[in-house]
Amino acid sequence: RIETDARRNFVNAVRVATLDRAGVMLVFDGDIILGARSHKVSESKLDAFGPINWGLHGEVRIDIRFSDFAKGRHCRPLQFRPGFETKVGVYTLFPGFPPSALVSHIDRAEVKAIILNGYGSGNISYIYLDAIKMATSKGIAVIVTTQCLEGATLMHLYDVGRQALNCGAIQAYDMSRECTITKIMWALKRSSSIDELKTILHHNYCGEINVE
């Protein structure tokens with residue numbers, strides 16, 4: 001028999017949803033995780049999800065306890081803003097990854113934004129700088145994130161990072177890859193320039209980013 005915690009997780013999720021707390025949350029194995037900070041860390045463990053660059057939003061014990069940063073609900077009317085742009089290219093960099101792979105997609109205008117999963121604090125090779133310039137000149141945003149599960153991009157620390165920023169690259173700071181992709185897809189539908197997209201991307205809507 002396959003062990004399942006589906007009923008328990010479902011009951012706890014309904015209990016949390018009835019309380020005076022705002023936001024999208026993931027309830028799993030007694031943990032309450034802010035949706036924009038959640039990440040699946042295991043395919044088989046019962047504690048399969050965890051928060052990235054953030055503490056638990058709350059816990060389900062005998063009672064339900066929320067962290068101090070969990071916000072209460074408001075009474076303002078719901079603003080529904082649908083729409084996502086799916087023409088986003090995501091590239092995980094590795095030693096030897098050819099810049100031509102980026103250039104071909106940029107040249108054919110197959111994407112409206114490019115995400116580069118860089119090393120460490122958002123480091124990339126100098127060989128990609130021309131591709132970043134080419135993309136931004138065509139109005140294609142280039143966002144740099146990190147392959148590390150925890151931490152943030154700090155592209156100003158190294159020369160290549162500073163040059164990439166000067167070429168128009170946008171850093172994702174401490175957003176998870178899942179959040180970065182989703183937020184860019186949403187922002188592309190609400191911006192008409194790279195500067196507008198950057199403003200939206202770096203705005204903290206629900207605790208998903210810290211740019212300090």
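**View 1. The buried residues of helix H3 in this predicted model.**
Start with H3, where Leu129, Ala131, Ile132 and Ala135 are buried. Look down the helix axis and you'll find these residues on the same side of H3, because the arc they cover is only 160°. What do the buried residues of H3 pack against? Their partners are H2, E9 and H4.

**View 2. The other face of H3, and what follows the helix.**
Now turn to the face of H3 that points away from the buried side: Asp130 and Ser137 sit here, and they are exposed. Keep going along the chain and H3 is followed by glycine 139. Check the backbone of glycine 139, and you'll see that its phi is positive, near 80°.

**View 3. The largest nonpolar core.**
In soluble globular proteins, nonpolar side chains tend to end up buried together. Here, the largest nonpolar core has 22 residues, and the ones touching the most other members are Leu102, Ile106, Ile114, Leu116, Ile124, Ile132 and Ala164. Which elements give two or more residues to this core? They are helix H2 (99-107), strand E8 (113-118), helix H3 (129-137), strand E9 (141-146) and helix H4 (159-166). H3 chips in with four residues, which is the most.

**View 4. Zooming in on isoleucine 124.**
Skip the neighbours within four places in sequence and see who else isoleucine 124 is in contact with: Leu93, Gly118, Ile132, Val144, Val160 and Ala164. There is also another core, lying apart from the largest one, with 21 residues. Among its members are Ala36, Ala141, Tyr173 and Ile184.

**View 5. Stepping back to the whole protein chain.**
How many helices and strands are there in the protein chain? Count six helices and 10 strands. The C-alpha atoms fill a box of roughly 55 × 45 × 35 Å along the principal axes. Of the 212 residues in the chain, 41% are buried. If you take contacts between residues at least 6 apart in sequence, 65% of them join residues at least 24 apart.

**View 6. The surface and charges of the protein chain.**
The accessible surface of the chain adds up to about 12,200 Å², and carbon and sulfur atoms account for 55% of that. As for charges, the protein chain has 25 positive and 22 negative side chains. How far apart are the centres of these two sets? They lie 5 Å apart.

How values were computed: Residues are numbered from 1 along each chain as its sequence is written. This is a predicted model: local features need pLDDT of at least 70, side-chain atom pairs count only at pLDDT 80 or more; totals for chains, interfaces and linings use all residues. Side-chain values use heavy atoms; hydrogens and water are left out. A nonpolar core is a set of buried Ala, Val, Leu, Ile, Met, Phe, Trp, Tyr and Cys residues joined through side-chain atoms within 4.5 Å. Buried means under 20% relative accessible area, exposed over 50%, partly exposed in between (1.4 Å probe, protein chains only). Contact means heavy atoms within 4.5 Å. Accessible areas come from the Shrake-Rupley method with a 1.4 Å probe; for residues, only the protein chains shown count as cover. Lys and Arg count as positive and Asp and Glu as negative; His and the chain ends are not counted. The place of a charge is taken as NZ of Lys, CZ of Arg, CG of Asp or CD of Glu. The arc is that of the directions from the helix axis to the C-beta atoms.
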